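Colleague: I have a model open and some labels to check. Can we go through them together?

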Amino acid sequence: MNVTAFNRILTVAFFAVLFILPLVNSDSYIRHISIIAIMYAVLVSSWNVTLGYGGVFNFGHMAFFAIGAYATGVMTKTFDVSPWWGMPIGVVAAVIASVIVCLPVLRLKGIYVILVTFAFTQLCLQIVLNQRDLTGGNFGLVSIPPLEIGAFSFRDFQNAGYYYLALLLLVVTLLAMLWFRRSHFGRSVIAFRDNETYAISRGLPLAKVRLMTFMFSAVFPGAVGSVYAQYVRSASPDMFGFSFLTLALSMLLLGGVGTIWGPIAGAFVFTIISELLTPLGPGRYLVTATLIVLVLRFFPGGLAGIPEFAGQLLKGRSGAAGDPAMLKDEK
Amino acid sequence: MTPLLDVKDIRKSFGALQAIGGVSFTLNRGEILGIAGPNGSGKSTLFNILTKIPFPPDSGEVSLDGKPLKSLGPRQIVDAGLLRIFQTEMDFESLTVLENILVSMPDKPGSGTPSSKQKKADELLELFGLTAHSDRLAGEINVYDRKRLMVATAFAHNPLVLLLDEPAAGLSKPEIEEMVELIRQLNRLGVSIILIEHIIPLLVAVSDRLIVLNFGEVLAEGLPREIVRNPKVVEAYIGNQSDG
Ligand SMILES: Nc1ncnc2c1ncn2[C@@H]1O[C@H](COP(=O)(O)OP(=O)(O)O)[C@@H](O)[C@H]1O
Ligand SMILES: [Mg+2]
């Protein structure tokens with residue numbers, strides 16, 4: 001059996017399990033954790049577009065998620081727009097935000113990009129805290145209208161509606177990432193990460209590619225932010241916070257940047273481990289941090305590097321596998 | 001007939017150092033123009049300022065196919081048909097060899113369907129002897145293949161003029177012979193070429209005309225076999241060597 005066939009079988013099995021899970025298990029705690037893990041997978045996969053494939057240290061990605069959530073909340077709650085418009089609103093708001101944050105960093109590199117994008121996140125947070133009438137300020141925006149079809153609420157059957165909606169988003173995200181990696185657009189993004197001067201010398205447009213990268217990557221957090229707000233029926237300022245950002249970053253690094261499956265694996269493994277370790281209290285941060293260091297020590301490419309590593313072992317070659325290329329041209 | 005590339009009095013200084021001082025020359029259609037000169041004489045800087053990658057000349061005029069390049073940015077110059085390779089190997093290391101070529105092909109509306117591009121890329125792989133490496137990562141192939149790939153990606157963008165900066169540096173003897181044959185073949189396919197080369201016999205063998213740079217200025221210009229016997233040229237090389 002070749003690698004592609006094996007990957008395909010694994011992919012189908014993975015989604016089959018996720019599809020069947022709610023049918024065989026209706027535990028509300030497991031349901032909640034699954035929804036969160038799926039949403040993280042969407043968030044981290046799309047962050048991988050800018051941070052992994054693009055090598056652009058965009059620390060504003062979680063702000064796109066928060067903006068999607070707040071935009072949906074404000075429009076559907078305060079302005080009485082139908083909740084079904086929530087997702088389009090979230091996506092449009094996040095994409096607009098991505099354009100705003102991208103313009104100042106169109107030609108910047110490395111640490112400066114971190115600075116600007118993180119400052120943008122803090123700015124958004126300040127706006128949310130100040131516009132209390134609209135956003136609920138410190139307390140967050142609550143009682144966001146849920147999704148309903150006639151008498152059926154997406155909250156029925158332990159949030160089955162939200163579970164399957166999130167799963168659908170993950171499938172769409174994965175398909176989008178597979179398209180991205182094979183498209184001229186995706187190749188251009190990687191070309192700029194690998195060698196900017198060379199890319200320009202082959203006629204590739206830096207500013208246009210970077211802007212499109214930001215806009216494309218913002219679609220997914222916008223959508224998932226909207227659904228998250230409708231699922232928990234609230235949006236909170238914590239969504240702009242540093243700990244949320246580092247959590248997602250840990251998932252991305254643990255899973256493996258610049259790969260299709262790494263971010264998804266990272267999101268699931270990390271969410272499950274964090275939940276298993278909850279009894280340890282604050283000590284769990286120590287354990288997860290150690291875990292990340294260990295994984296990255298032996299697999300610089302993250303979890304996504306393990307199959308390749310195993311393959312090399314089978315072939316009798318040694319050495320760690322993976323593609324830590326993103327760290328290369330940003331030093 | 002107007003020359004394909006017309007360079008008039010271009011200059012470039014780095015602080016007090018004048019890297020290119022008032023260089024003028026022309027390149028005719030179908031020609032291979034060789035550029036020789038000791039280390040540090042400004043050859044690579046000449047390519048840099050012609051393409052504006054990474055910086056334009058301080059002054060002077062360049063026109064390609066009758067079109068002035070003054071108001072164009074680096075990418076527009078590339079699209080106008082002035083393509084270069086770099087002295088040190090460059091590649092998109094985490095893309096495959098095939099993807100390196102595909103991403104370098106023009107991407108304008110009407111520049112071809114995905115399948116026609118794929119077909120053209122396959123032909124280029126064949127032409128440059130890279131078919132066997134098609135699916136390998138560019139960062140994993142050897143120096144010679146990477147040099148050829150760098151020329152192939154330039155050729156993939158439909159150049160009128162190819163600027164080759166020491167394409168034979170670091171290659172073995174048989175590889176150099178193949179590279180010479182490749183350059184001739186590209187020229188037969190209709191591309192005009194400016195060739196910077198350290199290996200003088202190679203330059204003499206392929207060039208129609210030769211320019212020698214020294215301290216950023218044209219020291220001599222003419223037919224290759226005459227140029228290498230020019231006492232000024234001989235002295236520039238020997239003098240430079242004894243300076244270290
Ligand atoms: N970016 C730069 N900054 C400062 N000096 C440079 C730069 N590029 C080239 N030089 C200087 O310009 C001169 C010409 O360099 P170069 O064009 O690379 O020579 P060649 O290719 O003929 O060996 C050298 O003295 C070199 O040190
Ligand atoms: Mg040089």
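Modeller: Start with residues 285–306 of chain A: the span is 73% helix and 0% strand. Its end C-alpha atoms are 23 Å apart. Keep in mind that this is a predicted model: local features need pLDDT of at least 70, side-chain atom pairs count only at pLDDT 80 or more, and totals for chains, interfaces and linings use all residues. Residues are numbered from 1 along each chain as its sequence is written, chains are lettered from A and ligands numbered from 1 in the order in which they are written, and side-chain values use heavy atoms, with hydrogens and water left out.

Colleague: What makes residues 285–306 of chain A a "transmembrane region"?

Modeller: That name comes from an unreviewed UniProt entry, which also lists residues 244–273 of chain A, among others. Such annotations may be inferred rather than shown by experiment. In the model, residues 244–273 of chain A are 80% helix and 0% strand, with end C-alpha atoms 16 Å apart. Helices (H or I, at least four residues) and strands (E, at least two) are DSSP runs, numbered from the N terminus.

Colleague: Why are E6 and E10 of chain B called edge strands?

Modeller: The open sheet has six strands in the order E6-E7-E8-E3-E9-E10 (chain B). Strands E6 (82–84) and E10 (217–222) of chain B each pair on one side only.

Colleague: How do you know that E6(B) pairs with E7(B)?

Modeller: Pairing needs at least two DSSP bridges between two strands. Three bridges join E6(B) to E7(B), residues 161–165, and the two run parallel. The pair therefore passes the test. B:Arg84 stands opposite B:Leu163 in E7(B).

Colleague: What makes B:Ser44 and B:Gln87 donors to the magnesium ion (ligand 2)?

Modeller: Donors are N, O and S atoms within 2.8 Å of the metal (3.2 Å for Na, K and Ca). B:Ser44 (OG) and B:Gln87 (OE1) coordinate the ion at 2.0 to 2.1 Å. B:Ser44 lies in helix H1 (residues 43–51) of chain B and B:Gln87 in the loop between E6 and helix H3 (97–104) of chain B, so the pair ties together parts that are 43 residues apart in sequence. Water is not among the atoms, so the site may look incomplete.

Colleague: Are those two residues buried, exposed or partly exposed, and why?

Modeller: Buried means under 20% relative accessible area, exposed over 50%, partly exposed in between (1.4 Å probe, protein chains only). B:Ser44 has 22%, so it is partly exposed. B:Gln87 has 33%, so it is partly exposed.
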